[in-house]
Amino acid sequence: MASPFDGSPMPLCDGTKDGFVRVRKRDLEKLTTEVMQLREFLPRVVNSDLIDMLHKKRVTQTGKDHLAQEHDHLQQECLHLKSRLDALQIECQREREEKLQLREQLWQSGDELQQHSDYCFSLGSAVCSILWNSSSKDDMVKQWLADGALHGFLVVATQTLGSFAKTLHGDVKSRSGDYNTQEYQFVLALTGTITNIAAITSGRDLLSSSSCELLDTLIKLLALMKPGVFSKLKVLILMALYNTSISVKGLRYMIENPALLPLIRTLLEDRSWEVCLHSLRLLQSMLLEDVALRRLGTDLLDSELQARISIFTSSVQPSLRQLAQQILADFQGLMQVQGCKQNKQSHL
C-alpha cells in the first residue's frame, strides 16, 4: 500500500464526502506565484477605460433594447391611429355627402318658402287693397267696429308692421322712391286701412285705448326708413298718427314717446315735400294742445325747429308754405302766452 507521504497523488474521494487532493509543494508555490503575478498585472490590463467601456456597452445595450420596445409600441400605435384615420375619413365622406344633401334640401325649402312668402304677400296685398278701399267709407268702418272684428285686425297689423320694421333695421339702401314689391304693397295697403280707421272718432278711440303698441310700431317704422325712401308709406303713417292725435288720449300717449319730437325734426329734412307737409300737420296738432306744451316744454318751442320751419315759408308748394306760416304764428302765440305766465309768476 502506498504511503500518504511518498509523493504520489492520492485519488479523489467520491462525491458523497468531502475529500482532499495532494499537491506538490513546488506546484503550489508555482500557482501562488502565478496568482500574485495576476494580481499585479491584471489592474494594468483591465484599466478604468475598459471598465467604462464595458459599462457604456451595457447601458447602450439597455437603451437599444428600450428603443426597440418603444419602436414596437410606436409602430402598434401608428397602426392604431391609421385605422382610426381610415374610419374617420370614411365618416367624414359620409357626413360630407349628408351635408350636400341637406344643403340641397335647404335650397329647395328656401325656394318653397320664398314662393309661399310671395303668395302670402300677394294675397295680403290684394285683401288689404280691398280693405283699404272699403275703409274709405265711414259706415263700413263703423260696421267693423260693431262686429268686433277690428281688434284682431289691429293685432295682426301690429305684428306685420313689426316684422317689416325688422327687415329695415340696418338697411343701407339709399334709393329714392318706393319699392314695387308685393311686401311693400301689402304694408302700404295695411297702413292705409289703419289711416282710414283712425279717420273716424270711434276708430281713433280704439287705437288710443287698445292699440298703443301699434302706435309705437308706426313711430319706430318711421324712424327706420331712410330719407327719400318709402315716401308714400311715410305719408300714410304720418296721416294715421295725425288722425290719432285728434283724440286727446291718443295725443297724450304719443307725446310720452321720447322719439316722436326728434323724429318730426328729422322728417322735416326729408326730400319729399309731402312727408314734410304731414310732419308739420302732426306738429301743429301737438302745438294746439296744452298737454303737449306742458309735457315737452322748451323742446317744442326750440328756435332751431322754428328756423327749419321758416324755410318752408318760401316753398313752391302752396299747402306747405301756408301751413308753415300758420305754425310759426302758433309758435309766436305760444311764446307770448309763455312770457305772460312767466311775468305773472315773477310779480307774484
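Asp270 is buried in this predicted model, with a relative accessible area of 7%. The side chain of Asp270 meets that of Lys234 in a salt bridge, with 2.8 Å from N to O. This pair links distant parts of the chain, 36 residues apart: Lys234 belongs to helix α8, whereas Asp270 sits in the loop between α10 (260–267) and α11. Lys234 also counts as buried, at 1% relative accessibility.

**Salt bridges in helix α2**

- The count of salt bridges in the structure comes to four.
- Glu91, Arg94 and Glu98 are joined into one network by salt bridges that share partners.
- Arg94 meets Glu91 through a side-chain salt bridge of 3.9 Å, N to O; the two are three residues apart in helix α2 (residues 48–135), which means that about one helical turn separates them.
- Arg94 also forms a salt bridge with Glu98, where the closest N and O atoms are 3.0 Å apart. Glu98 and Arg94 are four residues apart in helix α2 and are likewise separated by about one helical turn.
- Each member of the network is partly exposed: Arg94 has a relative accessibility of 41%, Glu91 one of 34%, and Glu98 a relative accessible area of 36%.

**Aromatic pairs and Phe230**

- Two aromatic pairs are present in the structure. In one of them, the ring centres of Tyr184 and Phe230 are 5.0 Å apart and the planes stand at 25°, so the pair is stacked.
- Because Tyr184 lies in helix α5 (residues 182–197) and Phe230 in the loop between α7 and α8, this pair ties together parts that are 46 residues apart in sequence.
- Both partners are buried: Tyr184 has a relative accessible area of 2%, and Phe230 has a relative accessibility of 5%.
- Ring pairs link Phe164, Tyr184 and Phe230 into a cluster.
- The backbone of Phe230 has a positive phi of about 55°, although the residue is not a glycine. Most residues other than glycine have a negative phi. The loop that holds Phe230 runs between α7 (212–224) and α8 (231–245).

**Burial and contacts in helices α11 and α13**

- Gln284, in helix α11 (residues 273–287), counts as buried because its relative accessibility is 16%, under the 20% cut-off.
- Leaving aside residues up to four places away in sequence, Gln284 touches Leu323, Gln326, Ile327 and Asp330.
- In helix α13 (residues 303–311), the buried residues are Leu305, Gln306 and Ile309. Viewed down the axis of α13, these buried residues fall within an arc of 100°, so they line one face of the helix.
- Ser303 and Glu304 are exposed on the other side of α13.

**Surface patch and a sequence-distant approach**

- A nonpolar patch on the surface is formed by Val21, Val23, Leu28, Leu31 and Val35, which together have about 450 Å² of accessible area.
- Within this patch, Val35 belongs to helix α1 (residues 25–45) and is partly exposed, with a relative accessible area of 36%.
- Lys142, a residue of helix α3 (residues 138–147), is partly exposed, with a relative accessible area of 47%.
- The C-alpha atoms of Lys142 and Gly203 are 7.9 Å apart in space, while 61 residues separate the two in sequence.

Terms used:
Residues are numbered from 1 along each chain as its sequence is written. This is a predicted model: local features need pLDDT of at least 70, side-chain atom pairs count only at pLDDT 80 or more; totals for chains, interfaces and linings use all residues. Side-chain values use heavy atoms; hydrogens and water are left out. Patches are made of residues with over 30% relative accessible area and no salt bridge: like charges are joined within 9 Å, nonpolar side chains (Val, Leu, Ile, Met, Phe, Trp, Tyr) within 5 Å. Accessible areas come from the Shrake-Rupley method with a 1.4 Å probe; for residues, only the protein chains shown count as cover. Buried means under 20% relative accessible area, exposed over 50%, partly exposed in between (1.4 Å probe, protein chains only). Contact means heavy atoms within 4.5 Å. The arc is that of the directions from the helix axis to the C-beta atoms. Rings of Phe, Tyr and Trp (its six-membered ring) pair if their centres lie within 6.5 Å; planes under 30 degrees apart count as stacked, over 60 as edge-to-face and the rest as tilted.
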